[in-house]
There are 6 protein chains.
Amino acid sequence: MFYHVKELQYHAKPECPDPVFARKLQEILGGQFGEISVALQYLFQGWNTRGDGKYRDMLMDIGTEELAHIEMLATMIARLLDGAPDVELDEAAKNPIVAAILGGSNPQHTIVSGLGAMPADSNGNRWTADYIIASGNLLADFRANLNAESQGRLQAVRLYEQTDDRGVKDMLSWLIARDTMHQNQWYAACLELEAKENIVVPSTFPRELEKQEVAYTFYNNSAGTKSAKGRWAYGPSIDGLGQFNYFENPVPFGDKPKLNPAPPYIHDTPP
Amino acid sequence: MFYHVKELQYHAKPECPDPVFARKLQEILGGQFGEISVALQYLFQGWNTRGDGKYRDMLMDIGTEELAHIEMLATMIARLLDGAPDVELDEAAKNPIVAAILGGSNPQHTIVSGLGAMPADSNGNRWTADYIIASGNLLADFRANLNAESQGRLQAVRLYEQTDDRGVKDMLSWLIARDTMHQNQWYAACLELEAKENIVVPSTFPRELEKQEVAYTFYNNSAGTKSAKGRWAYGPSIDGLGQFNYFENPVPFGDKPKLNPAPPYIHDTPP
Amino acid sequence: MFYHVKELQYHAKPECPDPVFARKLQEILGGQFGEISVALQYLFQGWNTRGDGKYRDMLMDIGTEELAHIEMLATMIARLLDGAPDVELDEAAKNPIVAAILGGSNPQHTIVSGLGAMPADSNGNRWTADYIIASGNLLADFRANLNAESQGRLQAVRLYEQTDDRGVKDMLSWLIARDTMHQNQWYAACLELEAKENIVVPSTFPRELEKQEVAYTFYNNSAGTKSAKGRWAYGPSIDGLGQFNYFENPVPFGDKPKLNPAPPYIHDTPP
Amino acid sequence: MFYHVKELQYHAKPECPDPVFARKLQEILGGQFGEISVALQYLFQGWNTRGDGKYRDMLMDIGTEELAHIEMLATMIARLLDGAPDVELDEAAKNPIVAAILGGSNPQHTIVSGLGAMPADSNGNRWTADYIIASGNLLADFRANLNAESQGRLQAVRLYEQTDDRGVKDMLSWLIARDTMHQNQWYAACLELEAKENIVVPSTFPRELEKQEVAYTFYNNSAGTKSAKGRWAYGPSIDGLGQFNYFENPVPFGDKPKLNPAPPYIHDTPP
Amino acid sequence: MFYHVKELQYHAKPECPDPVFARKLQEILGGQFGEISVALQYLFQGWNTRGDGKYRDMLMDIGTEELAHIEMLATMIARLLDGAPDVELDEAAKNPIVAAILGGSNPQHTIVSGLGAMPADSNGNRWTADYIIASGNLLADFRANLNAESQGRLQAVRLYEQTDDRGVKDMLSWLIARDTMHQNQWYAACLELEAKENIVVPSTFPRELEKQEVAYTFYNNSAGTKSAKGRWAYGPSIDGLGQFNYFENPVPFGDKPKLNPAPPYIHDTPP
Amino acid sequence: MFYHVKELQYHAKPECPDPVFARKLQEILGGQFGEISVALQYLFQGWNTRGDGKYRDMLMDIGTEELAHIEMLATMIARLLDGAPDVELDEAAKNPIVAAILGGSNPQHTIVSGLGAMPADSNGNRWTADYIIASGNLLADFRANLNAESQGRLQAVRLYEQTDDRGVKDMLSWLIARDTMHQNQWYAACLELEAKENIVVPSTFPRELEKQEVAYTFYNNSAGTKSAKGRWAYGPSIDGLGQFNYFENPVPFGDKPKLNPAPPYIHDTPP
Ligand SMILES: [Ca+2]
Ligand SMILES: [Ca+2]
Ligand SMILES: [Ca+2]
Ligand SMILES: [Ca+2]
Ligand SMILES: [Ca+2]
Ligand SMILES: [Ca+2]
């Protein structure tokens, strides 16, 4: 169960309205790696955790924090939209700023949300749960989380570069720092589980059931052998159970498939 | 540019048709972590790579291999659908297998695809590029890839448990082994880049610009302190640049937000 | 069965082409609360009505009218796109109007639809039936309709404010008036049904089967008690069957959940 | 900012696992009118509220409560999936329950989520923010909310009818009672705003700007005049500003549209 | 503008309810090539037609007819759902028909639509305007239409094979016949336009601007030369302007791409 | 199984970067009729082909070629994004080109993809498999393919008109020529199959089972009889099996539908 306090986790006040940047900032609110994604991803992983209480607790801690980040971004976006001008095409002839706003802002911020933040990305695509994952296997999911925080921090940094507003930069410097912590955190959690299990997910599948002769082979399917210089192409495998090897000229191991004709009631092309 | 040979990378022939399993197998063809996802994810990362030729080559190698996995699964699914019976509800009264097929198979396999595989998951959701990522930052993306191969192998293993068909199990044992290699591979590639850069993505953002005082703090936002027992809660941070610390009772640092009224031409609720 | 006449329900002729406004106008054609949404929502409700013929007839009347509104908007958008200039980036250097058009118009209006209206919103998101509802319970659905006409009129009014074109304003003044009628109409229909049933949907569920002790309680889950001043926090409930009461400090009534471990064939994190 | 406690708002424990009902219950977790929808809808409305603090507080109260409902349903679904059998097609021949489970359960509950709840509906469609609305106009939005609670209670009641499990019914009786409160609450809030403004949203648009002669007319676009018997067809309008009137034979007021040919660089069909 | 009469274009009455077939029939109502798709596709093409009035009239004729097909299918589905049993898992143990219904029906037909038809396909995917096209070039679009009627008739025929209900078969025999007409119609319309223009769309692009040396070449990119036996591999081209030729061993004409490094503010992988 | 060579099928090098055109070019990479669509459509059709090896081989040839077109466009887009300026709103006041770029470019090209191409269209909608079709009936599918190449060439031509960059025009002239070939090819393949079967898909359904009296009738559902002048309204039908006839005043053949009330456990509106 949840409780809310009205104070923000951190300040979210721009120096000036800027509807063009408001549109861009939507990316880290409602985009693929925005705060809605991480909040719901961590909470679903937490609710579904069947194992160690330590991980469930940790997932609920961070999922709950991410809800506060959604709130900060929603507040910032609403303020960047403050007094968004009521622009028309003829005015653009006189004023290039108007032209920029006409083009660079999200028309739904005036037509649909009434100067409010939207659960959408910087192109106005509504958020979808296709973005998130909770598999029941925590090592798999912590890797998803490490990725999410890496993509998320990268996007926040790119946005930091695209504004001069000190209020916006201040808030982003908070979110970027939290992403530093969260990358460290998921990395630490992965190391813990890898030490107990193995780096290969799921660790519980008997290795003799997989086709072991191809479990450490790199196939050079694109002409040129620069890929042979990577660590994945030689030496012991990272899981410690094999030796990487490099196949310069990969060949097929299967046959040419030939499918049976469909029964008549399917009305495929007649044979 | 690509070339195709008719032979499959590995065999894809079931012992018997089974339309219910055909539906399930769609998950690793056209689902969130199916072969379409990894193929297009790696290829887009490769095409967009601006840096080291070694990584571009490697991405094209593996992306091209994944196209062969799409092909194997499409072939297997078409064969599992061979002679899918033309079932009606009254027959279910006499035969529970018919009941199971009526319910457990995908009706679009007969109505839409004519006993062919579809670019969709096990619930018939069509594949979407919302599933994939190519950010231009390879460490971020290799983490996405490590996650994809972890989720993908987990799903393949779960499917392996749900069938007795030796032909299907044989093909899955190939794909599972390749996922073992690919997890090792992305792990190795991450280690290479982390050694050159740092574990925090992007490594190029000056740390003094982030709010450093919260860059290694764990906030206990969900009551209970089991999360204090994790490696993320104490000791040196994984990036080697800080010390983890645990905030048992996190407080807000921001104010209660109060938004300005909207201008009249927006027609929000009148103040 | 339907018949069509070529005349529009009302005029749809702008004074001048304006590709930027054409893009914006898409919102009330193919957006969440655009005319496609209300047309199909009312028609599906009508086709599915199992009860009183009066409501079925009325739903078909208004659903059929909304088809005419789709037609008016499609026509207006095509005319706003008339002679959309063939703009290139270099020309923007000389002419801010060109810059505004480059940015503010929908590129698919030239590339995809050939200067025609699209079944999409002002950000180019294609219309989806996720927007609509027909539940078989008319009181529930008439509330959905009252909402749709409220959101729709709000958006039309906001668009009215964003243009000076007298032709566009004339057409919008028609649509806005029809939305006035439709809000009145759904409100009247709700009152009729509420008088016969009760305000709580569905009225047919025996009240003794719900957890009656919490059926009129307001929980103050966000710190601060301003919400205690609303009519929902005290006095008789609107359905006339209870008394509102306000819980200042809500507590959980359930336990801490603890989930059983998954069976081994699921390959979740090992316990 | 948010805080979480581990206890559930109310109990969520079934008597027995039932993977088929787990699938169905997903509807009110991740469907169009599930708990994710109401939680995020109310929170976004709260964050975007520019007006009266009473409404903002109330929206945050109820949005925060809905997060607890997501949690209860996620927990219940995970428990209904407990020990979901590892079913295969041959077993269906012997056991109709197996047949029912094969068909009636969601294959992603075993393959993708590892016996966990998913952010998806009863057909496995992932949740999308297309379902929600926050317009900045609270009367419009409270109508959206009244509709959401009406649809949501209706679905919960239908699910209540489809199970005999006393644990599930107990939890549903809680959610149904809360929906009773929430319908009462949104109704009360609408009455408050309607008393201050007018029933027509937005109330701030000058009525003389709309085409007043058609603002209270019902058009009989579907043959048959049963719709003339409804309250919307005669008498004073609900907004108190006009008289309803009924047009038995509606005619078009506009012309036959004729579009100009496209410029040659568009390559539409040559005239 | 549209008018509606209550009578159906043709009968839509099943002999018996059958919720499993109701689910399947959704495919041709709300699927990719269902009646919603063709209705809206033809209407949008009609509204956007800038050229010959004959085509606009014809598009409005057939688009309006398709609305009647939506209506017939919606009616049939509601009747197939009549009295859909209120099934539970335990009953499946006793009755395989119950098992089949539990699995083979769409749970949203009871939970969401209250025994009504939905704007969705046989897997419960909601209809989306991604399915339709109106490009402004009528020859292109008439080919889209010919395809839609081909896919649509194929699906209707497959459904015809999957039922014994004489009422359903009677209605399908109507729809199948109309699809026969519509395939003939679009074929005729294509021939008319091809005779005036050329078979290559758009016919208005000067041929000397395309890379003419590869405009009639077939590339054998998949090993094996069976494709050389097709009419596309030799002889005069269908457009009458060239000679087909077959390249057995296609080679690349471009260079190996090498992308410039990104500027530092993008934070891609450091070079 | 596939192989890749690093060289492009044809050159993909612009004269100058142009982020606005990069956004537009996304349409034919990741839009409804972009190269991802045709590649996956042809490959799935090929993998699912149960009939003549000639068609399977041909489909694999062209599907494999389309992968090379994805690659060319991805490369071109990355180069058009080279050194995309780091623009801010204040700069727009001084420089209309900046205004145009702010509005006309895709913000995700800097925030999300790091100056890389995306699997999305010109409005940033991610690619979806809703765009493609593989039905098992090759005549139906070849018509889908003929449409896809018609729409695709039309879009490429429109883009050709919107740029002056000689590098971009050169690449487009290649793609346009290939689309010329592909339209010819699918047309030839259709003629082959039509000669063997009949123009009506599927040809295998016995004509006496369809309602033959309406199989060649044109219904004039939209007032006005211009449509009577088309070839579809008189003379022998294209399939050679009937005579077209024109119904000037179409009437319904069915009854007014009246649906039974729902059972009480559905809680529809009480009768
Ligand atoms: Ca965050
Ligand atoms: Ca793979
Ligand atoms: Ca309307
Ligand atoms: Ca609730
Ligand atoms: Ca039809
Ligand atoms: Ca191509």
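Between chain A and chain B of this predicted model, 67 residue pairs are in polar contact, with both partners at pLDDT 80 or more. The elements that give two or more residues to chain A's side of this interface are α3 (53-80), α7 (138-161), α8 (166-196) and β2 (217-219). Of these, α8(A) brings the largest share, 17 residues. Sorted by character, the chain A residues that touch chain B come out as 51 nonpolar, 31 polar and 29 charged.

Salt bridges turn up here too, and the count between chain A and chain B is 4. One of them joins the side chains of A:R153 and B:E210, with N and O 2.8 Å apart. As for the overall extent of the interface, 111 residues of chain A are in contact with 111 residues of chain B. Together the two chains bury about 9,700 Å² between them, and carbon and sulfur atoms account for 61% of that area.

Chain A also meets chain D. Here 44 residues of chain D are in contact with 44 residues of chain A, and the area buried between the two chains is about 3,900 Å². Carbon and sulfur atoms give 62% of that area. Three residues stand out on the chain D side: D:M1, D:W47 and D:R50 supply 18% of the area that chain D buries against chain A, more than any other three residues.

The polar side of the D and A interface can be described in the same terms. Its salt bridges number 4, and one of them links D:D82 to A:R50, where the closest N and O atoms are 2.7 Å apart. Polar contacts connect 27 residue pairs across this interface, again with both residues at pLDDT 80 or more. On chain D, the elements that give two or more residues to the side touching chain A are β1 (2-4), α2 (35-48) and α3 (53-80). The largest share, 10 residues, comes from α3(D). By character, the chain D residues on this side divide into 25 nonpolar, 10 polar and 9 charged.

Next come the calcium ions. In chain A, the calcium ion (ligand 1) is coordinated by A:E35, which appears twice through OE atoms, together with A:E66 (OE) and A:H69 (ND1), at 2.3 to 2.8 Å. Along the sequence these donor residues are spaced E-x30-E-x2-H. The two glutamates bring together distant parts of the chain: A:E35 sits in helix α2 (residues 35-48) and A:E66 in helix α3 of chain A, 31 residues apart. Both A:E35 and A:E66 are buried.

In chain B, the protein donors of the calcium ion (ligand 2) are B:E35, listed twice through OE atoms, B:E66 (OE) and B:H69 (ND1), and they lie 2.2 to 2.9 Å from the ion. The donor spacing for this ion reads E-x30-E-x2-H. Here B:E35 belongs to helix α2 (residues 35-48) and B:E66 to helix α3 (residues 53-80) of chain B, so that a pair 31 residues apart links distant parts of the chain. Neither glutamate is left out in the open, as B:E35 and B:E66 are buried.

Chain F provides a further site. Its calcium ion (ligand 6) is held by F:E35, again twice through OE atoms, along with F:E66 (OE) and F:H69 (ND1), at 2.2 to 2.9 Å. The spacing along the chain is E-x30-E-x2-H. The later two donors share one helix: F:E66 and F:H69 both lie in α3 (residues 53-80) of chain F, 3 residues apart, or about one turn of the helix. Both F:E66 and F:H69 are buried.

A last stop is E:R153, found in helix α7 (residues 138-161) of chain E. Is E:R153 buried or exposed? With a relative accessible area of 0%, E:R153 falls under the 20% cut-off and therefore counts as buried. Beyond its neighbours within four places in sequence, E:R153 is in contact with residues of chain E, namely E:I176, E:D179, E:T180 and E:Q183. The contacts of E:R153 also reach into chain F, where they take in F:V200, F:V201, F:P202, F:F205, F:R207 and F:E210. Within chain E, the side chain of E:R153 makes a polar contact with the side chain of E:T180 at 3.0 Å. By contrast, E:F2 lies 151 residues away along the chain from E:R153, and their C-alpha atoms are separated by 27 Å.

Technical notes. Residues numbered from 1 in each chain as written. Chains lettered and ligands numbered in written order. Predicted model: local features only at pLDDT ≥ 70, side-chain atom pairs only at ≥ 80, totals over all residues. Heavy atoms only, no water. Donors = N, O, S within 2.8 Å, 3.2 Å for Na, K, Ca; no water. Helix = DSSP H or I, 4+ residues; strand = E, 2+ residues; numbered from the N terminus. Buried < 20%, exposed > 50% of the residue type's maximum accessible area, 1.4 Å probe, protein only. Contact = heavy atoms within 4.5 Å. Buried area = accessible area lost by both parts, 1.4 Å probe. Polar contact = N/O pair within 3.5 Å; in protein donor to acceptor, adjacent residues only side chain to side chain. Nonpolar A, V, L, I, M, F, W, Y, C, P; charged D, E, K, R; others polar.
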